[in-house]
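This report walks through a few places in one structure, for a reader who is meeting it without earlier acquaintance. Please keep the sequence and the view at hand while reading.

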Amino acid sequence: MNYTSTRNDTLSVSSSFAIANGISAEGGLFIPTEIPKVNSDFIASLVPLSYIERARKVLSLYLTDFGKTEIDADTEGAYATGFTNEKVAPLVNIHDNVNVLELWHGPTCAFKDMALQLLPYLLTGSAKRISEGRETVILVATSGDTGKAALEGFRDVEGTRILVFYPSDGVSAVQKLQMTTQAGKNVGVCAIKGNFDDAQTGVKTIFTDDEVKKQLHDNNMTFSSANSINWGRLVPQIVYYFSAYADMIASGQIVNGEKINFTVPTGNFGNILAAFYAMEMGLPVNKLICASNANNVLTEFIETGRYNRLRTFHTTVSPSMDILVSSNLERLLYHLSENGSAEINELFTALKENGEYTVPEKMLSKIQAVFAGGCCDDTDTKATIGETFKEYNYLSDPHTAVAINVYNSYREKTGDTTPTVIVSTASPYKFSPAVLEGLGEALSADEFDMMERLEKISGVKAPSQLAGLKGTAPRFTEICEKTDMRGVVYGMLGL
Ligand SMILES: *Cc1c(COP(=O)(O)O)cnc(C)c1O
C-alpha cells in the first residue's frame, strides 16, 4: 500500500516514510492512495478477539511495509499493560440502543492515548527504515491532552526526544500538573505566554525554519510530529470503530451488516476522520455525527459548505475542542474531491489568503450524505452532564457531554433511531470543576478536593493517574515569550 500527499498527489511513499516524516514537504498531509476494503466475514472474525488482536488485523491492512512480528510486538507494547480496563476501549450501554465508547482508560485519561501509546513504536520502526539512525525530535503544541499523552508515550523511548509547548493560561489545572510533573530523561515541557494558536504557529515556524533544520541535521537529529496530522496518529484510531461494532454484535444489539451511527466530539477532525476511513473500508455506518462546542466552524461547514475561520475564538469547558482550523478536514476533502491535489491547493490557498473557502455543490452533497453536524455551548454542556447523570447514572466529561447533547438533538430532530455509539474522549475527573457545576454542586479552590467530592457523588473512583498527582512537585516551571520558542528548543536539545 502506498501513500501520497493531499497537496502533491504525484508523490508515492511507504507508510514508514509517511509516519517518520509526519507531514509532506510541500505542507500536505499523507493519505493512502487506496482505502483497503473488508467484507462481513472480516468483521465477524473480529467479534471473539481481544482489542490487541483486532488492532493487528486492521493495522496490517495499512502498514504493509511493517513485518507481522513487528506489528505484533508494537500492539502488545501499546495496549497490553498501559490501560486500566481489560477491554482497552469498553463499550457501555447507557439506554435503549445508545452506547458510549470509553476511550480514556489509558495512562493520561484521554482518548489521545489510544494512538499515542502506539505511535512511538510505529515511529521508531519507521525511523529505522527511513531516517538512517538519526534521533527523532518530536515537537508538540498542545491545548492539553495531546501534550501529556505524547510525553507519556515517548518517555524514555530510545532514539527520541520530546518537547511540548502549552499555553500557560489555556489548559485545566490537572492538565497543567500532568505535564509539569512528567518523568523521563528525554522529555521537556515549556509554557508560553499566549493561546494555543500561538503555540501551534510557533511550532510550525520552527518545523520549517531552515537554520533550525540545519542545526538538527548537523547534530544527527530530525523532526517529526505527534499531532494528528501524522498518519501514525490516525491509523490506530480506525481500530476502535471496528472494535465498537464487533462489541455491538457480541452484545446482540445488532446483527452483522446492520448500519450504526457514531457521534464524535470533534476538534482537529482526526477522531471522526478515522470513523470515515472505517466506513470506506466497509464498516456498516449510517451517519457520522460531528459534535462541536461554541467553536462551531464545522457545524456551519457541514450545513453550508463554507469553511470560515475568521470568527471569535471561544474558550470553553471542553478545551480540547477549542479550535478554528481543523487540520484533518483536508484529508476528507481530498478523498471526496474530483481532481485531487489541484482542488485541495485551490481551497487551502483561499483559506490562507481570505480566511475561508467554499466547496463545490457536488462535494457538499457527498459530505452531507455521510456527515451531520451540531454544536452546543457551555451552559448546555453542563446541563447535559447533570441530566445524563440523573437519568442514566452515567458521569460524562464535558467533551463527551457535547457529543451526547448534539446526539440527543439530532435524534429528536431527524427521528433517526439507528443504534448509536457516542465516542467518549476523556475521564470526567480530568475536568472536575465543569462536571461538578453540571451536577449543580459548588466549586472549591482545591482540584483534589473536587475530585474527592465527585467520587462521593458518583460512586466512581477517580483514576489513580490523576488522584496520584496530589502533592507532586512540578519539574518544569519555565514560561517563555512566544517569540523565544526557538531558543527554548535549542536549550532543551543542548544545541
Ligand atoms: C483531542 C480531543 C478531542 C478532539 O479530537 P480531534 O481528533 O482533534 O477531533 C475531543 N475530546 C478530547 C478530550 C480530546 O482530547
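What takes the space of the largest cavity? In this model, which is a predicted one, that space is taken by the ligand.

**Around the ligand**

The ligand is surrounded by 15 residues, and the closest are Lys 112, Asp 145, Gly 267, Asn 268 and Thr 425. For Gly 267, Asn 268 and Gly 270, a polar atom of the backbone can be paired with an oxygen atom of the ligand, and the table gives the distance for each pair.

| Residue | Atom of the residue | Atom of the ligand | Distance |
|---|---|---|---|
| Gly 267 | backbone N or O | oxygen | 2.7 Å |
| Asn 268 | polar backbone atom | oxygen | 2.7 Å |
| Gly 270 | polar backbone atom | oxygen | 3.2 Å |

Taken on its own, the ligand has 380 Å² of accessible area, and the protein covers 97% of that area.

**Ser 24 and its contacts**

Another place to look at is Ser 24, which is found in the loop between helix H1 (15-21) and strand S3 (30-32). Is Ser 24 buried or exposed? Ser 24 counts as buried because its relative accessibility is 4%, and the limit for a buried residue is under 20%. The side chain of Ser 24 is joined to the side chain of Glu 26 by a polar contact of 2.8 Å. When the neighbours within four places in sequence are left aside, Ser 24 is in contact with Ser 5, Leu 11 and Phe 30.

**Two aspartates with a positive phi**

The loop between strand S4 (91-95) and strand S5 (98-102) holds Asp 96, whose phi is near 40°, a positive value in a residue that is not glycine. Asp 96 has a relative accessible area of 62%, and it is therefore exposed, since a residue counts as exposed when this value is over 50%.

A positive phi is also found at Asp 156, where the angle is about 60° although this residue, too, is not a glycine. Asp 156 belongs to the loop between helix H7 (145-154) and strand S7 (160-167). How does Asp 156 count in terms of exposure, and at what relative accessibility? Asp 156 counts as partly exposed, because its relative accessibility is 38%, a value that falls between the limits of 20% for buried and 50% for exposed residues.

Methods
Residues are numbered from 1 along each chain as its sequence is written. This is a predicted model: local features need pLDDT of at least 70, side-chain atom pairs count only at pLDDT 80 or more; totals for chains, interfaces and linings use all residues. Side-chain values use heavy atoms; hydrogens and water are left out. Helices (H or I, at least four residues) and strands (E, at least two) are DSSP runs, numbered from the N terminus. Buried means under 20% relative accessible area, exposed over 50%, partly exposed in between (1.4 Å probe, protein chains only). A polar contact is a pair of N or O atoms within 3.5 Å; within protein, one must be able to donate a hydrogen and the other to accept it, and residues adjacent in sequence count only if both atoms are side-chain atoms. Contact means heavy atoms within 4.5 Å. A residue is near a molecule or strand if one of its heavy atoms lies within 4 Å of it. Accessible areas come from the Shrake-Rupley method with a 1.4 Å probe; for residues, only the protein chains shown count as cover. On a 1 Å grid over the protein atoms alone, a cavity is a set of points where a 1.4 Å probe fits but cannot get out, and a pocket is an open set with protein on both sides within 12 Å along at least five of seven lines; lining residues have an atom within 4 Å of a point. A molecule sits in a cavity or pocket if more than half of its atoms lie within 2 Å of its grid points.
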